[in-house]
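Trainee: I would like to learn how to read the features of a model one at a time. Could you take me through them slowly?

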Amino acid sequence: MMTLRGAKTRLFETADEVAAAAADLILAQADAAIAARGAFRLVLAGGSTPTAAYRLLATRDARWDAWHIYFGDERCLSLDDAERNSVMAAGALLARVAIPPAQVHPIPAEQGAAAAAAAYETRVRDALPFDLVLLGMGEDGHTASLFPGHAIASDPLVVPVHDAPKPPSDRVSLTPKALCQSAQILLLITGAGKHDALERWRAGEPLPVARVAAAGNTLAMLDRAAAGR
Ligand code: 6PG
């Protein structure tokens, strides 16, 4: 088993198995949160990795009326741009289940990074603590839109991001301070392209993903291709 500082890990044969296990964990966390507090506050990950898990979730039964959806980051693109994380999440999950629209909280990144971060800061503050935060990891060890070599502010919950190395350059991201205020963080990491960053994390490099993982109760679900095992 791969040991990643700050995270428990579970290794699966394939990305499809990661998606299935992730969907099961999300539903279990939802049941527990709804039973305890009557609501499930979930932060969605962007990128492509989580789409398989989102599509599986959309085929399952859940108390969707009690789900409240937030985003870990967003790209500063127009509302209907296919490259937006909110558009990806809508296509894979949110447009397919009966979560009340008023309970889906997209980051208003079309307003520009600074204005959107300021607006979402209040929304996140009012939502905390989250029940589950979903995150991916980039090939450089970034997570959400927290990139290596970029200073990560310790005080705000949400920050504007400029000069992001992964297009688009302007983004909005929750900070470790926000992401770790969750009962659990679930990292989904699949594909051989992520192996190098995992090895750097394992070797102790202070990557953004390592910093976030260490700040919370983190489980990383990996497939063999990413783990290199
Ligand atoms: C984004 C994501 C980003 C993503 C990683 C992994 O806006 O790009 O929030 O953090 O999770 O880059 O992306 P893939 O899942 O597509 O490899």
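Trainee: Where is the place of Pro 168?

Mentor: Helices and strands are named from DSSP runs (H or I of at least four residues for a helix, E of at least two for a strand) and are numbered from the N terminus. Pro 168 has its place in the loop between β6 (158–161) and β7, and the peptide bond that leads from Pro 167 to Pro 168 is cis, with omega near -5°.

Trainee: Before we go on, what kind of model is this?

Mentor: This is a predicted model, in which local features need pLDDT of at least 70 and side-chain atom pairs count only at pLDDT 80 or more, while totals for chains, interfaces and linings use all residues. Residues are numbered from 1 along each chain as its sequence is written, and side-chain values use heavy atoms, with hydrogens and water left out.

Trainee: Which residues does the other cis peptide bond, with omega about 0°, join?

Mentor: That bond joins Leu 128 and Pro 129, and Pro 129 lies in the loop between α4 (113–127) and β5 (132–135).

Trainee: How should I read a phi angle, and is Asp 163 buried or exposed?

Mentor: Take the sign of the angle together with the residue type: Asp 163 is not a glycine, although its phi is positive, at about 60°. Asp 163 lies in the loop between β6 and β7. For accessibility, buried means under 20% relative accessible area, exposed over 50%, and partly exposed in between, using a 1.4 Å probe and protein chains only. Asp 163 has a relative accessible area of 63% and is therefore exposed.

Trainee: What is phi at Ala 144, and where is Ala 144 found?

Mentor: Ala 144, also not a glycine, has a positive phi of about 50°, and it is found in the loop between β5 and β6. With a relative accessible area of 12%, Ala 144 is buried.

Trainee: Which residues come nearest to the ligand?

Mentor: A residue is near a molecule if one of its heavy atoms lies within 4 Å of it. There are 16 residues around the ligand, and Ser 48, Thr 49, His 142, Ala 144 and Lys 166 come nearest.

Trainee: How do I read polar contacts, and which polar atom of Ala 144 is 2.6 Å from a ligand oxygen?

Mentor: A polar contact is a pair of N or O atoms within 3.5 Å; within protein, one must be able to donate a hydrogen and the other to accept it, and residues adjacent in sequence count only if both atoms are side-chain atoms. At Ala 144 it is a polar backbone atom that is 2.6 Å from an oxygen atom of the ligand. For Thr 49, an N or O atom in the side chain is 2.6 Å from a ligand oxygen, while a polar side-chain atom of Asn 85 lies 3.1 Å from an oxygen atom of the ligand.

Trainee: Which side chain reaches the backbone nitrogen of Asn 85?

Mentor: The side chain of Glu 74 does so, at 2.7 Å. Glu 74 is found in strand β4 (residues 73–75) and, at 0% relative accessibility, counts as buried.

Trainee: What does the side chain of Ser 173 reach?

Mentor: Ser 173, in strand β7 (residues 171–174), has a side chain that reaches the backbone nitrogen of Ser 145 at 3.1 Å. With 0% relative accessibility, Ser 173 counts as buried.
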